[in-house]
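Please open the structure in your viewer and keep the sequence panel beside it, so that each selection can be made by residue number.

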Amino acid sequence: MDRLRLIRTFVAVANARSFTAAAEGLSLSRAAVTKQVAALEDMLRVQLLSRTTHSVNLTDAGAVLLEEGPRLLDDFEALELRMRSATARPAGTVRIGTPPSFGAYHVVPAIRAFGAVHPDIQVALTNDDGSLDIVRSGFDFSIRIAHSLRDASSISRLLMRAPQVLVAAPAYLECHGAPQAPGDLAGHRCLVHTGKSPTGIWRFQRDGDAFQVHVTGPFWSNFGEAIRSAALMGEGISMHPTYMVDDDIRAGRLRQVMTDFTPTELEIRAVYPRRDLPLRATLFLDHLRDWLRTEARWARSVPQAGRSHGIDLHPRPPNGGVAAAR
């Protein structure tokens with residue numbers, strides 16, 4: 001077997017202290033990971049890991065390999081990169097973590113365009129809501145979408161900014177009316193993304209002034225598609241980056257509300273564990289940045305379908321006031 005591949009598998013297990021977690025990060029079965037570590041121990045004639053029912057620990061020999069192994073892998077990858085750069089076009093696999101909706105709808109088209117130019121480079125996407133450890137997961141980089149990075153020590157690169165909008169289904173607005181200012185949201189059912197607003201605080205700007213309001217509602221989730229689905233069903237008002245609801249607004253399934261106030265923008269960043277990314281990862285990262293900035297229709301102004309068809313975006317209940325939340 002390829003010794004470097006076996007060492008890479010061992011390092012993943014040692015860092016995670018788990019065969020199962022390492023298998024998930026390497027996209028292998030647990031049995032395959034166990035077999036590779038056993039093969040490496042047989043090859044080196046030492047025990048690297050001490051296994052019990054509930055834990056995986058390093059032996060003294062395993063600690064030495066964990067300290068020296070990553071350096072060996074990095075040195076070989078750098079050598080391989082230099083040789084390939086001199087003799088052939090880049091090849092290999094770029095491993096990326098990405099939020100599920102953004103990855104499916106906006107990274108996959110970029111991968112398709114990238115593959116037409118670099119057919120020898122494959123891209124492997126893994127669902128990452130921001131909680132995965134980049135090193136243990138084996139990512140070249142992970143895409144994080146937030147107001148700001150939680151870990152200020154991370155190495156990151158801004159790909160672009162993502163505007164946000166408040167939206168609701170026409171059926172909801174017909175029953176409850178539309179808020180005109182942040183304070184009005186207290187009388188509405190709000191659908192809250194716990195990853196982006198863990199305390200239920202929504203922030204806005206208008207004419208250089210900042211506003212914030214604590215919102216409540218019937219449904220909270222850390223999954224943006226679930227929040228969007230609830231909004232489409234008329235369950236309440238939700239805040240989304242425009243990349244999630246651009247098509248819904250254009251089709252009239254959702255309408256923008258409180259358009260005089262601008263929700264705080266999000267940043268779309270690539271976060272990576274080291275500065276010297278492999279050439280294949282750098283090539284894809286450059287391509288993804290350029291593709292998003294060129295092709296991302298949602299980053300430009302979003303048409304307000306209701307207004308373009310003469311529909312009142314701010315209907316009121318018959319009594320003229322804002323209806324209380326159901």
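The tour below goes from a pocket to a surface patch, then to salt bridges and to a few loop residues.

This is a predicted model, in which local features need pLDDT of at least 70 and side-chain atom pairs count only at pLDDT 80 or more, while totals for chains, interfaces and linings use all residues. Residues are numbered from 1 along each chain as its sequence is written, and side-chain values use heavy atoms, with hydrogens and water left out.

**The largest pocket**

Begin by selecting Arg8, Leu73, Glu77, Arg95 and Gly138, which lie nearest the centre of the largest pocket among the 33 residues that line it. On a 1 Å grid over the protein atoms alone, a pocket is an open set of points where a 1.4 Å probe fits, with protein on both sides within 12 Å along at least five of seven lines, and lining residues have an atom within 4 Å of a point. The space in this pocket comes to about 1,100 Å³, a volume being the space filled by probe spheres set on the points, which are joined across faces, edges and corners.

Next, colour α1 (3-16), α2 (19-26), α4 (60-87), β3 (92-98) and α6 (134-137), each of which supplies at least two residues of the lining; α1 gives the most, with seven residues. Helices (H or I, at least four residues) and strands (E, at least two) are DSSP runs, numbered from the N terminus. By class, the lining has 14 nonpolar, eight polar and eleven charged residues, where Ala, Val, Leu, Ile, Met, Phe, Trp, Tyr, Cys and Pro count as nonpolar, Asp, Glu, Lys and Arg as charged, and the others, Gly among them, as polar.

**Helix α3 and its surroundings**

Now select Met43, Leu44 and Val46, which make a nonpolar surface patch of about 200 Å²; a patch of this kind joins nonpolar side chains (Val, Leu, Ile, Met, Phe, Trp, Tyr) within 5 Å, from residues with over 30% relative accessible area and no salt bridge. Accessible areas come from the Shrake-Rupley method with a 1.4 Å probe, and for residues only the protein chains shown count as cover. Leu44 is found in helix α3 (residues 30-44) and is partly exposed, with a relative accessible area of 39%; buried means under 20%, exposed over 50%, and partly exposed in between.

Staying with α3, select Glu41 and Arg51, which form a salt bridge with their closest N and O atoms 3.2 Å apart. Because Glu41 lies in helix α3 and Arg51 in strand β1 (residues 49-51), the pair ties together parts that are ten residues apart in sequence. Glu41 counts as buried at 11% relative accessibility, whereas Arg51 is partly exposed at 37%.

**Other salt bridges**

The structure holds twelve salt bridges, each defined as a side-chain nitrogen of Lys or Arg within 4 Å of a carboxyl oxygen of Asp or Glu. In helix α9 (residues 242-251), select Arg250 and Asp246, which lie four residues apart, about one turn of the helix, and whose side chains meet at 2.9 Å, N to O. Then show Glu225, Arg228, Asp248 and Arg253, which are linked in a network of salt bridges.

**Loop residues**

Finally, which residue in the loop between α1 and α2 should be selected? Arg17 lies there, and its phi is near 55 degrees, a positive value in a residue other than glycine. Met258, in the loop between β13 (255-256) and β14 (262-263), also has a positive phi of about 55 degrees, and is buried at 3% relative accessible area.

Key:
Patches are made of residues with over 30% relative accessible area and no salt bridge: like charges are joined within 9 Å, nonpolar side chains (Val, Leu, Ile, Met, Phe, Trp, Tyr) within 5 Å. Buried means under 20% relative accessible area, exposed over 50%, partly exposed in between (1.4 Å probe, protein chains only).
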